[in-house]
Amino acid sequence: MLSGVANLPKSGAVVLVANHLQGPGLWIGWAAGAITDAVARWRAGDAVHWTVSTGYDRETVGGAKKLLPLTNWAFPRVAHAWGMVTVEPGRAGTALRKLVPVLDAGGVAGIFPEGAVQGLAGLHPVPAGTLRALDFLARRAVLLPVASTVHEGRMHVQFGPPSTSAGEAWRFIESRVRAVEAPAESVAES
């Protein structure tokens, strides 16, 4: 179910700020697909240039993180095929530079600020650097929050009102999606 699509500007640069809704039986691609389809329909075929990690790691015994086999080979290739912007660990600035031409051309970018964490259980804290990056992009584009949730076995995607800051956009999402745990730093302070 979609709501609030009319909050999406019909033209001009937009950065979609969405929570990372994923878990057993629910792949992040379903929420991203619903959002992308709504944008294409509302904006006469515009694509969404989603940011995507170049690899996927998981915690192993002892808490060490290891990259899942072949992800650093496969993810960049999939991203290229689908018009996504890759984000390498520790190199978010490079991804930002790749988004600037998209936004300067009046395009649409999509970011899951929580990163690649599993989000079916609720929101995870957003790294402060990600919020600063979104505020940087807000100088070139409208930030539009998108809250994805599951109620009674159905996915709901709600587009919020245009925002002028990352904190404002994330507060919209926080008001609709429960947190996994209380974040160490409140987004309200950013």
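Two strands pair if DSSP finds at least two bridges between them. Keep that rule at hand for these exercises, which use a predicted model.

**Exercise 1. Find how strand 2 pairs with strand 7 and with strand 8.**

Step 1. Begin with strand 7: strand 2 pairs with strand 7 over four bridges, in the parallel sense. As an example, valine 14 lies opposite valine 108 of strand 7.

Step 2. Now turn to strand 8. Five bridges link strand 2 to strand 8, and these two also run parallel. Here you can look for valine 17, which stands opposite proline 145.

Step 3. Place these pairs in the whole sheet. Seven strands make an open sheet with mixed pairing, in the order 1-9-8-2-7-3-6. The edges are strand 1 (2-3) and strand 6 (85-87), each of which pairs on one side only.

**Exercise 2. Decide whether the residues of strand 2 are buried or exposed.**

Step 1. Recall the cut-off: buried means under 20% relative accessible area.

Step 2. Recall a general pattern too: in a regular strand, side chains alternate between the two faces of the sheet.

Step 3. Check each side of strand 2. Val14, Leu16 and Ala18 are buried on one side, and Val15 and Val17 are buried on the other.

Step 4. Conclude: five of the five residues of strand 2 are buried, so the strand is largely enclosed by the rest of the structure.

**Exercise 3. Work out why the buried residues of helix 4 line one face of the helix.**

Step 1. List them: in helix 4 (residues 128-137), the buried residues are Leu131, Ala133, Leu134 and Leu137.

Step 2. Look down the helix axis. These buried residues fall within an arc of 160°, so they line one face of helix 4.

Step 3. See what the helix packs on. Helix 4 lies on the sheet, where it touches strand 2, strand 7 and strand 8. Its direction makes about 155° with that of strand 2.

**Exercise 4. Explore the largest nonpolar core and find which helix gives the most to it.**

Step 1. Start with the members. Among the 25 residues of this core, Val15, Val17, Leu103, Leu137 and Ile173 touch the most other members.

Step 2. Find the suppliers. Elements giving at least two residues each include strand 2 (14-18), helix 4 and helix 5 (166-174). Helix 5 gives the most, with five residues.

Step 3. Zoom in on isoleucine 173. Leaving out residues up to four places away in sequence, its contacts include Val17, Leu123, Pro145 and Val146.

Step 4. Look beyond this core. Apart from it lies another core of 19 residues, among them Leu8, Val14, Ala32 and Ile35.

Technical notes: Residues numbered from 1 in each chain as written. Predicted model: local features only at pLDDT ≥ 70, side-chain atom pairs only at ≥ 80, totals over all residues. Heavy atoms only, no water. Buried < 20%, exposed > 50% of the residue type's maximum accessible area, 1.4 Å probe, protein only. Arc of directions from axis to C-beta. Core = buried A, V, L, I, M, F, W, Y, C linked by side-chain atoms within 4.5 Å. Contact = heavy atoms within 4.5 Å. Axes fitted to C-alpha atoms, helices over the stretch in contact; angles between N-to-C directions.
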